[in-house]
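This report goes through one protein model residue by residue, beginning with annotated positions and ending with the contact between two chains. Please keep the structure open while reading.

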Protein chains: 4
Amino acid sequence: MGLWDIDKIEYVGRKGGAKEGLGFRYYDADKVVAGKKMKDWLRFAVAYWHTFDQRLVDPFGDGTAERPYDKYTNPMDLALAKVDYAFEFYTKLGVEYFCFHDRDIAPEGDTLRETNANLDKVVDKIEENMKSTGVKLLWNTQNLFTNPRFVSGAATSPFADIFAYSGAQVKKSLEIAKRLGAENYVFWGGREGYENLWNTEMHREQAHMAKLFHLAADYAKEIGFEGQFLIEPKPKEPTSHQYDFDAAAALAFLKTFDLEDVFKLNLEGNHANLAGHSYQHEVRFARENGILGSLDANQGDKLIGWDMDEFPSDLYDCVAVMWEVLANGSIGPHGGLNFDAKPRRTSFAADDLFRAHIVGMDSYAAGLLVAAKMHEDHYIEDLQADRYSSYESGIGKSIEDGSATLASLEEYSLDKTQAELRAATKSDHLEQVKATINNYIVDALAEA
Amino acid sequence: MGLWDIDKIEYVGRKGGAKEGLGFRYYDADKVVAGKKMKDWLRFAVAYWHTFDQRLVDPFGDGTAERPYDKYTNPMDLALAKVDYAFEFYTKLGVEYFCFHDRDIAPEGDTLRETNANLDKVVDKIEENMKSTGVKLLWNTQNLFTNPRFVSGAATSPFADIFAYSGAQVKKSLEIAKRLGAENYVFWGGREGYENLWNTEMHREQAHMAKLFHLAADYAKEIGFEGQFLIEPKPKEPTSHQYDFDAAAALAFLKTFDLEDVFKLNLEGNHANLAGHSYQHEVRFARENGILGSLDANQGDKLIGWDMDEFPSDLYDCVAVMWEVLANGSIGPHGGLNFDAKPRRTSFAADDLFRAHIVGMDSYAAGLLVAAKMHEDHYIEDLQADRYSSYESGIGKSIEDGSATLASLEEYSLDKTQAELRAATKSDHLEQVKATINNYIVDALAEA
Amino acid sequence: MGLWDIDKIEYVGRKGGAKEGLGFRYYDADKVVAGKKMKDWLRFAVAYWHTFDQRLVDPFGDGTAERPYDKYTNPMDLALAKVDYAFEFYTKLGVEYFCFHDRDIAPEGDTLRETNANLDKVVDKIEENMKSTGVKLLWNTQNLFTNPRFVSGAATSPFADIFAYSGAQVKKSLEIAKRLGAENYVFWGGREGYENLWNTEMHREQAHMAKLFHLAADYAKEIGFEGQFLIEPKPKEPTSHQYDFDAAAALAFLKTFDLEDVFKLNLEGNHANLAGHSYQHEVRFARENGILGSLDANQGDKLIGWDMDEFPSDLYDCVAVMWEVLANGSIGPHGGLNFDAKPRRTSFAADDLFRAHIVGMDSYAAGLLVAAKMHEDHYIEDLQADRYSSYESGIGKSIEDGSATLASLEEYSLDKTQAELRAATKSDHLEQVKATINNYIVDALAEA
Amino acid sequence: MGLWDIDKIEYVGRKGGAKEGLGFRYYDADKVVAGKKMKDWLRFAVAYWHTFDQRLVDPFGDGTAERPYDKYTNPMDLALAKVDYAFEFYTKLGVEYFCFHDRDIAPEGDTLRETNANLDKVVDKIEENMKSTGVKLLWNTQNLFTNPRFVSGAATSPFADIFAYSGAQVKKSLEIAKRLGAENYVFWGGREGYENLWNTEMHREQAHMAKLFHLAADYAKEIGFEGQFLIEPKPKEPTSHQYDFDAAAALAFLKTFDLEDVFKLNLEGNHANLAGHSYQHEVRFARENGILGSLDANQGDKLIGWDMDEFPSDLYDCVAVMWEVLANGSIGPHGGLNFDAKPRRTSFAADDLFRAHIVGMDSYAAGLLVAAKMHEDHYIEDLQADRYSSYESGIGKSIEDGSATLASLEEYSLDKTQAELRAATKSDHLEQVKATINNYIVDALAEA
């Protein structure tokens, strides 16, 4: 059966007995929904770090993962072998994109020169596999947080040698992005934040971070890399405060440091919750501000205060996110849904990697089906149009078209009674809106 | 003894027996600290709504407050009487500023015309009292959230008549600001946010909010009001999401809607915590981005998820905030410390209003004394200068001065070993920094 | 159409067009599910306070509610009129139970004697209506938190007169419970907790609370009231810490103060979340410890730190709770599902009261249908049986039957290798379990 | 200078220039405070795992720690060498107690037999060092969470072989406790909880946990070990729910499973906060319920949702905890203050281990000094006595002595007016209480 003891995952449908967990219930790659194939709406990607490197450690326990390549002990042998496992995994799962950090795919040497040499060997093999399988690179990025040298940040490190090293590392990763045709290039802030404000020059650190982004953009231009640059917001963890706290903080940063034309956002559900937001909020904010770039598909538990990176299964979130994606016409110009997710530490078997991705893919496919039905019915569009209709004419129109002044508003309002003003408001029957979402979930999926 | 059965509050000092709670232990208004009088650093203000209107209700209980003016039953009589109580309160407490919403000071009529007539009568009396006592208006604002007409927001209401009414209300309040010489004019977002995203056009609502701000700025210009406009961030409550979530979200908003030249921020400790930030963070962020306008002096309990508006007593917060203020040269161009705080519901006696303000004033005065000593010693400045010193020359300088490129950084880094890079980082001895803050608190206040 | 401008709510089914919000999609009262009628599994109750008294105020706004009895201005007239509205509401909605606090139904007089006289008049009318409609009292309780006299608690007040008054109030409420045949009698801790520990004798206050419970139990015996006593846990709000923090804290309290034979728990979803628990956890804990008494059906938003009392619509919670109820054979000996929920402040129309209850009833009915299917398939039962099967024989059995000792366990384990021990564990495929719950929701409701 | 390049830490006093961080400002071991030597009130202990084993990893980064014994590469050589480093550390720091898990001190073999042989060798060396230095064992415990075999718990594992192995491991650890004269024996729940309730038999798992505790108690009796057994509550992390959620949950557990006579609690500040409590609350609850056993001295950041294990420096917490300890007469019968704390990842230097412990010791010593002054003045005692005075006579006394009935309370209350009842309550001037704590901190430490 190949390297993984598992058959290619097929669509079996809702009534096809998907309970055994190794067939798709909703994800039917070529099925056309709302004018596009499912796979083109969703553009799923597998995350190298979680799927192939993650040992399922946690702060109180060693790794539990059982993987078919555990037999390799030499680091370079392992790195090269994993490439084969990875591409067979993509193919059997039916996912067309993948994502990685530089350090996910090859071991570090004692110097960057040696590290880059290791990288090159693995990238060679990845390139071959991309050609032979047709699997594409959604994005790559650089790991500027694991090595102890990044103890106080990378671009925001108080130690200039570490900034310098980070820049050198980004240079190499951009070259790889160019070579492999990455559609995007991501910066997750790792340790770009602070542990304590007393010893931190916050604005200076942010300016340094912006400096690295400008240098990266310049170099991309120089080498002709045209992928979309993305920032990935996260509010805290590992540091007490991360500079890319949420979508709004990232937008303020991009505007402050003249980076708005170059960067969009890669959003994540678990990070949204840690910042006190719903995932729906973050996606909406980015979409409406024109900075929706790509998505990390995962979920947390809102009662838990750390990043869990669970595979997504909450249908409410999947519907809300896919509704925004449909409203946007796509995830983003080059965006996809990357599973920045790991199986629970108790789901340590090798086949859990397949099972968990299937759950995530089916959940988002279900979200797509439900959201498409909602858009088809114009349910939300009509609800909103009705709610804001008073801005389409009269005083409302004068407000939006700029002809109103405080004086004209005063004249309009001065003698209106309390009762008249109350009558200008309407109940929004919010409970019923929530029930209608429930109904769409059941009805749309019952038809699947 | 006047309307309040209490003597003027005097400075008695640390050894002066302030335990009875009716003298200042640290706040000595005319004492010069770091080159300015304490009162000029701190510019304390009393909040009309909490101090004179607040009945100490909570979602599960009726008001417990006992106030000397409870005998007034006619609303206008009460409103006018309160003015006398208020100004005697300011004078006896030794506070030179106050703040109010339009609806704090006079009852609503059935129409805005009637409401404004009520307002005018009370403003006449306030103006007289300001002249006779010398007490000044730190800022005023408008209440666009209590009346049921604001059920779905004011400037962000989906109902245009409510936007119109809000504009008319702002117009009147700006006229009062002009008349009374307000140093600032505040917008707290009240219900400018959403309960649920499904029925909300978020960006359109934010554009409406920005529209009101522009109209207000235009009208201020028209009438020659030159006070500083301020936004007050809060993340949630009463709505599930408030658009002015935190300082970063407010900055993004100001930049997006071309309001950055007109507005600064009025920050609050309890709101900072509800957004997942320390108060220190919010003040630092605003200071470094040039949008620190004024401060609300209060605190919450980080284990509690709603706005408590406690009087500030946490010395760690007071020191951190005053350190930023000293670094800034002032709270802001026109800023002050407004006690947006209410006594606990169990502190319902009339004299608790004095006691609680004294606690707040003494806590911030203590914060000033401690922070001044820290600045005098250059403790934090030296700590930071040392930590970032690698950016003052060599590769660090080339990064900051713009001469570095990714290629120059690569060349610099390519052959550095892991050990060399580790050696470029230094321990920050963070535990000791925290202990040193403790030491400053004890040592600076021991001398008070 | 009667007092409420609405027809009796009927079951129309999933395909019956329930989107208009005034018919049941899943709740079919007499339909037999898992051996009992839906109405007998669910025993829905309407909460007097939220449904008939709640004005939809919040800490920043006045009430928005529009109610058909707003025309009544005299408090006793209003109280008596509401009884008619209430019973017509129950009947049209098809709910067979209701719940109330003493102060919900009749206005307070200046003394308890006067208050009780008011109460008696309303109770007379309620009794008549109960007889004529067949609607029953799930539980009543006493309001020991709204009046300012309860500022520092009731049974836990530091002021003995307030304890005394509370006892007197409970006496009267128990008499009403007896007279109206209440199936349960509830104590929600209102202000039984502390604002600050420094001035609180915590254990003494808890002993006072226990004392009141014992006095209540004694008096119930004296008057022959045989309803089930219930405690309702809540972790905080209005106080910083409530003594009945969660189910575990309540169990510790009952055991400490010798009340375990007399009391069970009335659990609530929103309270569970505020304590850091899922609703599923609290219900499971109570069920397994034999103290599951009754349920409050509502929900919060886990990103929000205060009690929202939303009508339940989250299907995941409804399924989880109903799974436990089915496992328990019933909610509890006398339990029901009381809608301790209010429409959002923006759902202020009178018919939102119907719409919101319908959403809640349909959501729990859906939960019942899904959970019943899961039990029918033994899905969870089998999953658990398989997972714990090693305790059914061998060393596992010796552990459970008490024959094992540390010495026998050591002997068994001493020479097992790391690999052998790893092999004794199994992946739990947790992602797939979550997907299977999703599948049950869709499949069971598709059939509805 | 010995193994650690540092001199013995001495008391230098507040004015002695402790800012360099290597002298005590407040901790003067033999100074008598409130009738006992400081060291006897505080009984500080060093935690082997954090201080000697912890590499300062976090979920996103490798260890940064620099330790003088990093040169040892053979695991047993390292383990034996660390003993020397540890005892010199205790001696130089002036700490008389230490704590460890079995796996902290010696490497695991492939079987428990081999592991125990490794342990014995290290314990031999520890025993020698204890004799030669006089340093004592506050408690030891067993690590039942790091090895992958504990993936689903230890005593609560669904896999009986893992329970068996856990029992065998506990047996050995108890023998070590006996041999080394441990004053306590601790169970921290590690993974005793659940990741998800659907596949968990919660009560059965708790019964298994209780079973292990009973077996341990039986074996302790058998071998004559008389140390105090302790449970350490923690609400979540690594699992989603830990059974020993907080002190109240632990008490309910002990009572349910008949373990109350055998176990007390080991409480921790960071864990308290994660459960939504102040540390003061948890200590008070345990003290008043007679289950205060010992304390873990650390702190978290209430805005952070994971366990930080910071060294304690917050004076408010230290004062509150030491106030309870003084009220209790001691931490507990055999209790101490164990630094379950690690330096921040950025404080990676070897001497940070000394610096951080000094901060922690000084902070608790300061807490002791302040709390002692508060007790000396009877400040809190008088405040509480006054507040509850109405229970000392009259109706209050009848409530406490059991003579009151609901009927007697009704008779007492029936004709009291609203005004009379309000007059029975008093303001608690809570703001002033907080300011007074501030004053005690400054005044008591100014004298130090």
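Leaving aside its neighbours within four places in sequence, which residues is Glu268(A) in contact with? In this predicted model, the partners of Glu268(A) are Glu232(A), Tyr279(A), Asp296(A), Asn298(A), Asp307(A), Asp309(A) and Asp340(A). Glu268(A) itself is placed in strand β12 of chain A, and with a relative accessible area of 2% it is buried.

**Annotated positions in chain A**

Glu268(A) is one of the residues that an unreviewed UniProt entry lists under "binding site", together with His271(A), Asp307(A) and Asp309(A). These residues span 42 residues in sequence, yet no two of their C-alpha atoms are more than 10.6 Å apart, so they gather at one spot. Asp309(A) has its place in the loop between β13 (292-296) and α11 (315-328) of chain A, and at 7% relative accessibility it counts as buried. Beyond its neighbours within four places in sequence, Asp309(A) is in contact with His50(A), Glu268(A), Asn270(A), Asn298(A), Gln299(A), Asp340(A), Ala341(A), Lys342(A) and Arg344(A). Asn298(A) and Asp340(A) are thus named among the contacts of Glu268(A) and also among those of Asp309(A).

For "active site", UniProt, again in an unreviewed entry, lists His101(A) and Asp104(A). His101(A) is found in strand β6 (residues 97-101) of chain A, while Asp104(A) lies in helix α4 (residues 102-105) of chain A. If neighbours within four places in sequence are left aside, His101(A) is in contact with Trp49(A), Thr141(A), Gln142(A), Asn143(A) and Phe145(A). Asp104(A), with residues up to four places away not counted, touches Tyr48(A), Trp49(A) and Asp53(A). Trp49(A) therefore appears as a contact of both annotated residues, given that contact is taken as heavy atoms within 4.5 Å.

The relative accessibility of four of the annotated residues is set out below.

| Residue | UniProt feature (unreviewed entry) | Relative accessibility |
|---|---|---|
| Glu268(A) | binding site | 2%, buried |
| Asp309(A) | binding site | 7%, buried |
| His101(A) | active site | 8%, buried |
| Asp104(A) | active site | 10%, buried |

**Aromatic rings and charges over rings**

A search of the whole structure finds 146 aromatic pairs over all chains. In one of them, the rings of Phe187(A) and Phe263(A) have their centres 5.9 Å apart and their planes at 55°, so this pair is tilted. Because Phe187(A) lies in strand β8 (residues 184-188) and Phe263(A) in strand β12 (residues 263-268) of chain A, the pair ties together parts that are 76 residues apart in sequence. Phe187(A) counts as buried at 4% relative accessibility, and Phe263(A) is buried with a relative accessible area of 1%.

In chain D, Phe87(D) and Phe98(D) form an edge-to-face pair, at 5.3 Å centre to centre and with 70° between the planes. This pair joins helix α3 (residues 75-93), which holds Phe87(D), to strand β6 (residues 97-101), which holds Phe98(D), the two residues being 11 residues apart. Both Phe87(D) and Phe98(D) are buried.

In chain A, ring pairs link a cluster whose members include Trp4(A), Tyr48(A), Phe52(A), Phe87(A), Phe98(A) and Phe354(A). Tyr48(A) in this cluster is also a contact of Asp104(A).

Charged side chains meet rings as well: the charged end of Arg149(D) sits over the ring of Tyr165(D), 4.3 Å from its centre, and that of Lys416(D) sits over the ring of Tyr412(D), 4.3 Å from its centre.

**Nonpolar cores**

The largest nonpolar core has 603 residues, and those with the most contacts inside it are Leu42(A), Leu42(B), Leu42(C) and Leu42(D). Not counting residues up to four places away in sequence, Leu42(A) touches Tyr27(A), Met322(A), Ile331(A), Gly336(A), Leu337(A), Tyr364(A), Ala365(A) and Leu368(A). Apart from the largest core lies another, of nine residues, among them Ala47(D), Tyr97(D), Trp139(D) and Leu230(D).

**The contact between chains A and B**

How many residues does the contact take from chain B and from chain A? It takes 105 residues from chain B and 105 residues from chain A. The area buried between the two chains is about 9600 Å², of which carbon and sulfur atoms give 60%. On the side of chain B, Trp198(B), Asn199(B) and Leu406(B) supply 10% of the area that this chain buries against chain A, more than any other three residues.

Notes. Residues numbered from 1 in each chain as written. Chains lettered and ligands numbered in written order. Predicted model: local features only at pLDDT ≥ 70, side-chain atom pairs only at ≥ 80, totals over all residues. Heavy atoms only, no water. Phe/Tyr/Trp six-rings, centres within 6.5 Å; stacked < 30°, edge-to-face > 60°. Helix = DSSP H or I, 4+ residues; strand = E, 2+ residues; numbered from the N terminus. Buried < 20%, exposed > 50% of the residue type's maximum accessible area, 1.4 Å probe, protein only. Lys NZ or Arg CZ within 6 Å of the ring centre and 35° of its normal. UniProt positions renumbered as here; feature names shortened; annotations may be inferred. Core = buried A, V, L, I, M, F, W, Y, C linked by side-chain atoms within 4.5 Å. Buried area = accessible area lost by both parts, 1.4 Å probe.
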